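This report describes the architecture of one protein chain. Please consult the sequence and the structure shown here while reading.

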Amino acid sequence: MKKQLIVVGNGMAGMKCIEEIIQLNHELYEITVIGAEPRPNYNRIELSKVLQGGTSFEDIIIHDWTWYEQNGIKLYTGEKVTRIHRKKKTIETSSGMKLSYDDLLIATGSSAFIPPIPGSDQEGVIAFRSMDDCLLMMEYAKKFKKAIVIGGGLLGLEAARGLLNLGMETEVIHNAAYLMNRQLDPMSAGLLQTELEAQGMKFRLGQQTVQIIGDGRAKGIRLASGSKLMADLVVFAVGISPNVDIGRDSGLAVSRGIIVDDYMQTSDKYIYAVGECAEHQGICYGLVAPLYDQARVLARKMCHMETEAYQGSIPYSKLKVSGVDLFSVGEIGPDISIAVQEYDRLQFKYKKGRYVTVSLLVLFYMEIRPNLRPCSDTLNVKQMLMSLRQ
């Protein structure tokens, strides 16, 4: 008889794990997936392409409705798990369903963080995290003309590019001195800013937003300097918060995320966690590559197959903005020495990095050229290493 596996969450990490389990041993589990969104699993990191135009939601679906049916997976969408009864090994959902499990996988992901500043709860203040957010931004662009994006990181810049494509005048407010300060150095960030300004984006750097102005509907923002900026739409892209309530409420060990070991097992041996909601060795990863690494380890663990322990991942970032090819991999900091640094003014290309034996500690690779071919969806780290050696 097959064991009952319930997956709480229908996102990329959880479904990658299920995909791996099915490939390894499709006879092991009867699988039930419960997702909060009313959609099948889609590629969340491609939402910026949907917003920027030329890509539809159907283009970014990873597993369509048919995939679940063909693999015998029961899928409940628009549903939320509200309680886990660990002793009974059952769960309850928002619609009143009660289901039993042998193993439980929590893959609830994360939510966009909106700081609790005055006025942030008004209409016209949104985050950029889901397909619903995309649709809302598209609707606003039909009615209004000016947007402010708070946050000059990856997601903020991609959101701003999308709003520009939708015809909105867009200004990015960032509290650091330069863009993408967690992934870039000042020189590469300056090159990026120059290109984005040429595309029509505006920036205010080193500025802190202290209030959303409005009377029930956002009309602009107030900065710590006292300046006011008027806008019809305010988009926050300042980070994420792991969705851990279901784990904390059920008594699992939780810090910032649901704490897991090297095999993604929580403090309950029948419950696992993977993805942005999981905390491994003090780190909650917010990029897809580490989450897929976790999923592969967990799938082999759940299928009772030998597997290497998950020991963490080297994070990398890629900016998905037309005309800009930008990668950043490894650690960044002012005290890290430089082994390679190159700037080609004619081709508008910049790269920088350092090696210790075969381990890459820091790598910047940036290339901004007209009509540059789109970069691939998966970063080939070996190619980046070779580019530094050339």
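## A strand pair and its turn

In this predicted model, strand β6 (residues 81-85) and strand β7 (residues 90-93) run antiparallel and are joined by four bridges. Within the pair, V81 stands opposite T93 of β7. The two strands form a hairpin, with four residues lying between them. One residue of the turn, K89, has a positive phi of about 55 degrees.

## Overall composition

The protein comprises nine helices and 27 strands. Of its 390 residues, 51% are buried. The accessible surface amounts to about 18,400 Å², and carbon and sulfur atoms account for 49% of that area.

Contacts between residues distant in sequence are also part of the picture. When contacts between residues at least 6 apart in sequence are considered, 64% of them join residues at least 24 apart.

## Nonpolar cores

The largest nonpolar core contains 49 residues. The residues with the most contacts inside this core are L5, I18, I21, I31, I84, I91 and I106. For I18, once neighbours within four places in sequence are set aside, the contacts are L5, V7, I31, W67 and I73. Apart from this core lies another, of 37 residues, which includes Y42, V149, A160 and L164.

## Helix α4

Helix α4 covers residues 131-143. Its 13 residues should span 18 Å at 1.5 Å a residue, and the C-alpha atoms at its ends are 19 Å apart, so the expected and computed lengths agree.

Which residues of α4 are buried? They are M131, D133, C134, M137, Y140 and A141. An α-helix has 3.6 residues a turn, so residues three or four places apart point the same way. The buried residues of α4 pack against two helices and three strands, namely α2 (47-52), α5 (154-165), β3 (41-42), β11 (125-127) and β18 (233-236).

## Residue T209 in strand β15

T209 belongs to strand β15, which covers residues 209-214. Is this residue, T209, buried or exposed? Its relative accessibility is 9%, and T209 therefore counts as buried, because the cut-off for a buried residue is under 20%.

Not counting residues up to four places away in sequence, T209 touches I117, I150, I173, I221, R222 and L223.

Key
Residues are numbered from 1 along each chain as its sequence is written. This is a predicted model: local features need pLDDT of at least 70, side-chain atom pairs count only at pLDDT 80 or more; totals for chains, interfaces and linings use all residues. Side-chain values use heavy atoms; hydrogens and water are left out. A nonpolar core is a set of buried Ala, Val, Leu, Ile, Met, Phe, Trp, Tyr and Cys residues joined through side-chain atoms within 4.5 Å. Buried means under 20% relative accessible area, exposed over 50%, partly exposed in between (1.4 Å probe, protein chains only). Contact means heavy atoms within 4.5 Å. Accessible areas come from the Shrake-Rupley method with a 1.4 Å probe; for residues, only the protein chains shown count as cover. The expected span of a helix is 1.5 Å times one less than its number of residues. Two strands pair if DSSP finds at least two bridges between them.
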